[in-house]
Amino acid sequence: MRFTSIVGLAVAPLALAEKLVIPAVEKAVTLQLAEFSKYYVDASNETLDSPATVSSHDVRSIEERQTSTYWYETIAHQGISAFNANVTTYKVYRNVKDYGAKGDGTTDDTAAIQKAISDGNRCAPGTCASSSTTNAIVYFPAGTYVVSSSIVSYYATHLVGNPNSLPILKATAGFNGFGVIDGAQYQSGGALPYGATNIFWRQIKNFVIDITAIPATTGATGIHWPTSQATSLQNIIFKMSSNAGTQHQGLFIEDGSGGFMNDLIFYGGKYGAVFGNQQFTVRNLTFYDAVTAVSQIWNWGWTFQGISVNNCTVGLDMAARADDGKEVVGSATFSDGSFTNTQIAFNISRSSTSLPVTGGSLAIENVALKNVGTAVSFGPTASTLLAGTTGSTTITSWVTGQVYHPNGPNKVAGTQTPFARPASLLSGTKFYQRSKPSYADLASSSFVSVRASGAKGDGKTDDTAALQSVITSAAASGKVVYFDAGTYIVTSTLLIPAKSKIVGEAYPVIMSSGSFFTDVNNPKPVVKVGNAGDSGTVEWGDMMVSTKGAQAGAILIQWNLASTSASPSGMWDVHTRIGGTKGSGLSYADCPAAPSSTTVNNNCRAGNIAMHVTASASNLYMENVWLWTADHDIDDATLRQITIYSGRGLLVESTVGNIWLVGTSVEHHTRYQYLFRNTQNIYAGQIQTETPYFQPNPSARSPYPLNTTSDPNFDVSCPKATAAANCAEAWGLVVTASKNVLVYGAGLYSFYSNYDTTCSAAGATTLCQQGMVLYDAAATTNFRIYGLNTVGAYGMIYRDTVRLATYSYNVNVYPSSIISFDNAV
């Protein structure tokens with residue numbers, strides 16, 4: 001969690017627990033939302049004039065699979081929310097047709113769908129801050145569901161359609177609301193519910209959102225989606241008017257700290273998508289016939305991968321300035337995309353005199369153009385910065401911003417040598433990508449339920465033996481393991497063997513417990529994927545791994561399995577969550593934040609390593625993975641802060657490498673968040689971190705002892721006798737003895753010093769910590785970063801003990817930014 005907005009007539013981003021207002025962000029968001037607040041937020045569907053026109057190209061037909069059932073619709077539903085107050089009656093799974101929805105294309109299904117969402121005293125907008133006990137999946141069978149007002153989603157809600165025949169949510173001509181699906185309904189006074197940076201653990205997937213019945217000149221929105229980590233949009237088609245003067249938009253995000261989306265298609269609209277959020281990873285989005293495909297109204301750093309823009313006036317529009325002339329968009333990284341029959345691919349407002357000095361930075365790599373009028377346009381004067389083509393060409397690399405090679409800053413606006421991409425990370429000329437499998441072609445008989453096989457998932461019973469039995473037998477028989485919703489206690493290591501396919505319902509939790517995981521000097525995995533030396537593939541999706549109480553020796557996920565480049569393993573929407581929930585024994589009652597005390601509560605040491613990709617592992621694709629140690633109590637009415645100690649975040653030591661990290665976040669671990677050691681061939685698209693809020697009380701030296709094999713040694717970088725008190729704090733990213741580490745977007749943040757946010761305020765004289773990125777000079781080669789954004793650290797990048805980049809030379813809209821860094825080796 002970072003900065004929550006209250007958006008309406010005024011916007012005030014603030015840290016949820018500390019009420020920290022960031023004036024620079026507040027001003028930028030307020031100004032950029034001015035044109036949208038009357039238009040959309042009041043849900044009045046007022047008609048506005050638009051001078052823009054769109055292509056006359058016909059909207060493409062949507063090819064769907066022939067109507068057929070989906071295994072999830074027919075499988076037995078017996079998932080539970082283990083710590084819900086009414087565990088025996090609370091329904092995790094809800095089929096909208098069981099609540100009266102018809103899906104017949106004529107009946108107004110709004111009320112029935114809303115009843116399916118709200119049933120069971122759930123965490124509704126405006127009624128609670130957040131909840132870990134009211135998770136739900138709301139399932140839509142094939143059909144056309146007519147809606148006359150917004151479907152309002154609740155906290156931790158998964159809206160899921162049939163992927164074999166996408167259900168259509170069709171707005172009526174007189175539709176009233178802010179989005180066919182409103183993912184965060186504005187409350188009285190103009191406040192977002194929950195806090196946009198506190199909306200976790202939710203998904204929308206497999207839908208057609210159709211707003212074409214709404215008159216083209218009436219403002220209308222497909223999905224309203226301010227959001228944060230462990231959330232996703234997947235496999236959604238947005239249908240809007242492409243008539244001249246259209247006021248439709250598909251997706252609107254104005255705030256949050258995301259986040260991930262993929263496999264979205266947009267037809268028509270004034271805007272395909274309007275994006276405003278701290279950081280995000282968007283992959284495989286396709287736009288047809290929009291006036292503007294993407295309007296970036298503000299950000300700190302976004303990563304766009306594999307975006308296709310067709311027959312639009314403008315592709316990515318990030319030309320946004322405040323009334324004082326300052327940039328409000330921080331930076332964007334755009335790779336492996338294409339623009340076809342589009343007037344302007346990129347519209348920017350950054351110039352050599354822009355303020356802040358790095359505002360509006362942009363990195364473009366491997367982007368194909370076909371019949372594009374202007375590749376990069378300077379919006380304020382409509383002048384050309386990079387010419388387009390009437391034929392076909394490819395932008396191999398073009399940047400505008402400040403560059404380090406490895407020294408700097410050097411202000412650049414032009415072509416540069418693209419990053420050297422290892423062939424093993426590629427599919428053709430683009431980085432390999434793979435979407436989460438839905439197993440849509442399988443029958444329910446191909447799945448085996450863990451609860452049907454004897455596991456309880458009640459948060460009390462030791463389910464180790466039952467889970468191991470079903471996982472082992474399923475891998476041997478070619479079945480898919482189905483984890484019903486629940487919390488499954490394990491008291492020793494759970495092995496996932498090669499050939500396993502595992503899918504969860506509403507983020508079921510594997511929770512370690514007991515003395516097996518308590519020895520801080522002898523850590524053991526909670527979940528182990530393969531043994532060292534094993535080969536094969538594993539597919540794992542939609543689950544969480546957690547710990548209960550003191551678990552100082554727990555490695556939550558250890559990945560040992562070697563896969564081949566022809567068939568990588570995959571992990572999608574699998575998260576670790578340490579503390580902060582009912583049943584974890586690590587709530588506010590157990591581990592309250594205590595900034596005035598220097599005593600470490602060892603009962604709150606709850607994880608040794610969040611995830612370890614070991615030397616024997618190889619060829620692993622990870623997408624939308626959040627490795628989080630809780631900073632607040634999710635189930636506390638006021639979200640009070642807690643102090644949980646976890647040792648380390650993501651450690652990658654794969655010798656062969658070939659690791660893809662797409663939309664990953666690692667937060668609040670004591671010694672480091674990301675560490676790449678003795679590895680190679682890493683693609684990392686928009687990594688995001690936060691330093692623990694309690695540091696430097698204690699510092700990163702405590703309470704987990706130094707692992708001399710892999711840990712960065714703070715006695716080297718921060719000698720006790722001479723270093724500042726805020727030196728020995730968790731690194732955001734460490735690279736040592738590794739090669740071909742390619743980072744396409746990074747937001748690495750330090751907001752607190754012993755729970756005080758003064759150190760991250762604009763103009764602070766004493767920052768939160770000394771350094772954020774560390775690499776070694778002796779043995780690291782081809783280490784590259786596009787779009788590095790840091791907060792609260794003096795040194796953005798260190799080479800051993802030498803500071804290469806200082807925050808004050810690279811100030812952006814709130815963070816400090818470097819658009820391109822390479823270690824020149």
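Modeller: Two strands pair if DSSP finds at least two bridges between them. Helices (H or I, at least four residues) and strands (E, at least two) are DSSP runs, numbered from the N terminus. This model is predicted: local features need pLDDT of at least 70 and side-chain atom pairs count only at pLDDT 80 or more, while totals for chains, interfaces and linings use all residues. Residues are numbered from 1 along each chain as its sequence is written, and side-chain values use heavy atoms, with hydrogens and water left out.

Colleague: OK, what makes S36 and S39 a pair?

Modeller: Strand S36 (569–578) and strand S39 (residues 626–629) share 3 bridges, running parallel. The rule asks for at least two, so they pair. One bridge sets Thr-576 opposite Leu-627 of S39. S39 also has 3 bridges to strand S42 (residues 665–667), again in the parallel sense, and there Trp-628 faces Glu-667.

Colleague: Why do you say that both faces of S39 are covered?

Modeller: Trp-626 and Trp-628 sit on one side, Leu-627 and Thr-629 on the other, and all of them are buried. Buried means under 20% relative accessible area, exposed means over 50%, and partly exposed is in between (1.4 Å probe, protein chains only).

Colleague: Then is Ser-453 buried, exposed or partly exposed, and how do you know?

Modeller: Ser-453 comes out at 35%. That falls between 20% and 50%, so Ser-453 is partly exposed. This serine lies in the loop between strand S26 (447–449) and strand S27 (458–462). Leaving out residues up to four places away in sequence, Ser-453 touches Val-448 and Val-470, where contact means heavy atoms within 4.5 Å.

Colleague: How far is Ser-453 from Arg-803?

Modeller: They are 350 residues apart in sequence and 56 Å apart in space, C-alpha to C-alpha. Arg-803 belongs to S50, where it is the bridge partner of Tyr-798.

Colleague: And what makes S49 and S50 count as paired?

Modeller: Strand S49 (residues 793–799) and S50 have 4 bridges in the antiparallel sense, which satisfies the requirement of at least two. They close off one end of an open sheet of 10 strands with mixed pairing, ordered S30-S33-S35-S37-S40-S43-S45-S47-S49-S50.

Colleague: Why are strand S30 and strand S50 said to stand at the edges?

Modeller: Strand S30 (494–496) and strand S50 (802–806) each have a single partner strand, so one side of each lacks a neighbour in the sheet. On average, neighbouring strands of this sheet are turned by 20° against each other, direction ignored. The axes are lines fitted to C-alpha atoms (for helices over the stretch in contact), and angles run from 0 to 180 degrees between N-to-C directions.

Colleague: Which residues touch the most other members of the largest nonpolar core, and what makes it a core?

Modeller: A core here is a set of buried Ala, Val, Leu, Ile, Met, Phe, Trp, Tyr and Cys residues joined through side-chain atoms within 4.5 Å. The largest has 190 residues, with Leu-251, Phe-275, Trp-540 and Trp-559 touching the most other members. Strand S15 (residues 271–288) supplies the largest share, 8 residues. Beyond four places in sequence, the contacts of Trp-540 include Ile-496, Val-529, Trp-559 and Trp-572. Another core, of 19 residues, lies apart, with Tyr-90 and Phe-447 among them.

Colleague: How do you know that Cys-591 and Cys-604 form a disulfide?

Modeller: Their sulfurs are 2.0 Å apart. The cut-off for a disulfide is a pair of cysteine sulfur atoms within 2.5 Å, so they qualify. The link is left-handed, with -100° about the S-S bond. Cys-591 at 2% is under the burial limit, so it counts as buried, and Cys-604 at 1% is buried as well.

Colleague: Which other cysteines are joined, Cys-718 to what?

Modeller: Cys-718 bonds to Cys-727, S to S 2.0 Å, left-handed at -75°, and both are buried. Cys-123 and Cys-128 also form one, with sulfur atoms 1.6 Å apart. The rule gives 4 disulfides, in the pattern 1-2, 3-4, 5-6, 7-8 when bonded cysteines are counted along the chain.

Colleague: Why is Cys-128 called partly exposed?

Modeller: Cys-128 has 25% relative accessibility, so it lands in the middle class. Its partner Cys-123 has 1%, so that one is buried.
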